[in-house]
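Biologist: I am new to this structure and should like to understand the terms applied to it. May I ask how each of them is justified?

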Amino acid sequence: MYKLTRRRFASLIGASATGVAASSLAAPAVLSAAKSRLVVIGGGPAGATTARYVAKAAKDVAVTIIEPKHHFTTCFFSNLYLGGFRTLESITHGYSTLAAEYGINVVHDVAVDVDGAGKKVKLGRGGDLPYDRLVVTPGIDMRYDTIEGYSPEASTVMPHAWQAGTQTAVLKQQLEAMEDGGTFVMCPPPNPFRCPPGPYERVCMVAHYLKTNKPKSKIIVLDAKDKFSKQALFQEAWAQHYDGMIEWLPKEVTGGVKAVNTDSMEIMTDGETFKASVANVIPAQKAGVIAERAGLTADNGWCPIDPSSMRSKMNEDTFVVGDASVASAMPKSAFSANSQAKVAANAILADLTGSKKFPAKYRNTCWSLVATSDGVKVGADYAGGEEKIDVTSKFISKTGEAADLRAQTAEEANGWYEGITKDIFG
Ligand SMILES: Cc1cc2nc3c(=O)[nH]c(=O)nc-3n(C[C@H](O)[C@H](O)[C@H](O)COP(=O)(O)OP(=O)(O)OC[C@H]3O[C@@H](n4cnc5c(N)ncnc54)[C@H](O)[C@@H]3O)c2cc1C
C-alpha cells in the first residue's frame, strides 16, 4: 500500500537530505504503550525545539523525532559562511544531546505518509510510528515549476542555497572558482518565503567576499518583488560598503525571472537575458511536501494553524510549527520557529498531561550582518488573536546609526546564534 519508488523517496527528503547512509538508519524504538506518544516530523528549529520542550517537561511522554539528516546545518548564519565570517562546521549541529540528555528517540528516516485517522506516520524504510499527538515541521520545499528550466537537477548548477548544507557549499565553491570581473546574479523569490531579509543579507555577504577577493566583479539582483525587508538599511549598506558593485532590479523593471538555461548560464526576464558567472536562483516556495501529503495545506501550499496554539486547522491532533505554517505577520525565521515551538509544546503538554495552557505569546528578531562589525535588525512581539497572530510591538534599526551601535548589533547576533542553537539542539 505504501510502496515507495526511488523518485518519490528523493522528492520527499529533498536534495539536502540525500546523504543518509543506509547502514546508519536506526529502526524506530518500540514505545511503551503506557506512555502518551508525541511524534515530530523534522528536526530543524521548529521540530527539535518542540520535542525538547515537551521531553524536558514531561517524562511520561515518549518523544520521537523523525529526521533523515544526522547533522543539521543552519540556514541562519549560512550567509556569513558565504561571506567568510563563519565555517560550515560552526553552523552544523548534531542530535546526540537531544537523545542522551532528554531521552528523545531520534529516528533517522523520512516520513513518507501520515494516516491522520489511524494516527500513525509511515516511514521511508518501512514501518509505522503511532502517535497521540503529531508535530509537522518539514520547513519549505521549492516550487521549481515557477521558473522554466529550473529543477532539482538545475539547482546543482544554479544553486538556491535556501536549504543549507550541500547547496550552500556548492554556492561557496562556485564563488571561489569565479574569475575576478565575473557577474554574480541572484534571483530572490516572491512572497511569502523563508527569511525575508535573507537574500539581501546574502547580497552583502557575497559583496564582502568579492570586494575582498575579486574586486572587479559585479552583482545583479533580479528581484521577483518591488520592495523588500529592511530595504532602506540594506540599500544604505550597499552604497556605503560596496559602492558601484550591486545593481538591484525590481520586478517593475524586469517583469521578474521567467526562465533559466544552465548550459549557457543565462537568466531570462520578460525582455532581457542576463549572463551569469555564478547564478543563485531562489524560486517561490511552499510547505515541505509531507505537509501536503498529510492533508495539512491550504490551496496556497502553506498550513493554516490556530493562532493560540499552532494546532493545525485541518487536524486537531496535529500541530504545524515553523516555516511550513501560516503564522500571519510572523516572518518565516528560525527565531519565529523556536518561539512558535514553545507555544505548541505548551498546548501539547496541556493535551497529553492536563497541564495549564498559557496565552500564546511569540517573538521574533532578524539580525543581518551587512559588513564587518556592521549589523542591523528588525523584530516584533506577537500574541495569538482570534483569527491570526497579531503584532503587539515592533522595532527596526535606523539608517545613519553610529558605528559602535552597529558593531554592538552585530555582536548581539553572535550571542543570539549561540543561545538559540543551544535552545534547539540542547
Ligand atoms: C540564507 C538564510 C538565512 C537565514 N537567516 C536567518 C536568521 O538570521 N535568523 C532567523 O531566525 N532565521 C533565518 N533564516 C530562516 C531559518 O533558517 C528558517 O526559518 C528555519 O530553518 C525554519 O525552521 P523549520 O524547522 O521550520 O524548517 P527547517 O529548518 O527546514 O527544518 C525542517 C527539517 O525537516 C526535515 N524534513 C523535511 N521533510 C521531512 C520528512 N518528510 N520526514 C522527516 N523529516 C523531514 C528536513 O530534513 C529539515 O531538517 C535564514 C534562512 C536562510 C535560507
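Modeller: Let us begin with the ligand, one nitrogen atom of which is 2.9 Å from a polar backbone atom of Ala111. Please note that the model is predicted, that local features need pLDDT of at least 70 and side-chain atom pairs pLDDT 80 or more, while totals for chains, interfaces and linings use all residues. Residues are numbered from 1 along each chain as its sequence is written, and side-chain values use heavy atoms, with hydrogens and water left out.

Biologist: What makes the approach of the ligand nitrogen to Ala111 a polar contact?

Modeller: A polar contact is a pair of N or O atoms within 3.5 Å; within protein, one must be able to donate a hydrogen and the other to accept it, and residues adjacent in sequence count only if both atoms are side-chain atoms. The pair at Ala111 is 2.9 Å apart, so it falls within that limit. Oxygen atoms of the ligand also take part: one is 2.6 Å from an N or O atom in the side chain of Glu67, and one is 2.8 Å from a polar side-chain atom of Asp323.

Biologist: How much of the ligand does the protein cover?

Modeller: On its own the ligand has 990 Å² of accessible area, and the protein covers 96% of this (Shrake-Rupley method, 1.4 Å probe).

Biologist: Which residues surround the ligand most closely?

Modeller: There are 34 residues around the ligand, the closest being Glu67, Arg194, Asp323, Ala334 and Phe335 (a residue is near if one of its heavy atoms lies within 4 Å).

Biologist: Why is the ligand said to lie between two domains?

Modeller: Domain 1 (6-139 + 288-359) and domain 2 (147-284) both contribute residues to the shell, and therefore the ligand lies between them. The domain bounds come from an automatic or database domain assignment.

Biologist: Why is Glu67 called buried?

Modeller: Its relative accessibility is 6%, so Glu67 counts as buried (under 20% relative accessible area; exposed is over 50%, partly exposed in between; 1.4 Å probe, protein chains only). Glu67 touches Gly42, Tyr95 and His108, among others (contact means heavy atoms within 4.5 Å, not counting residues up to four places away in sequence). The side chain of Glu67 also reaches the backbone nitrogen of Lys69 at 3.0 Å.

Biologist: Is Thr269 buried or exposed?

Modeller: Thr269 has 7% relative accessibility and therefore counts as buried. Among the residues that Thr269 touches are Leu222, Val257 and Phe274.
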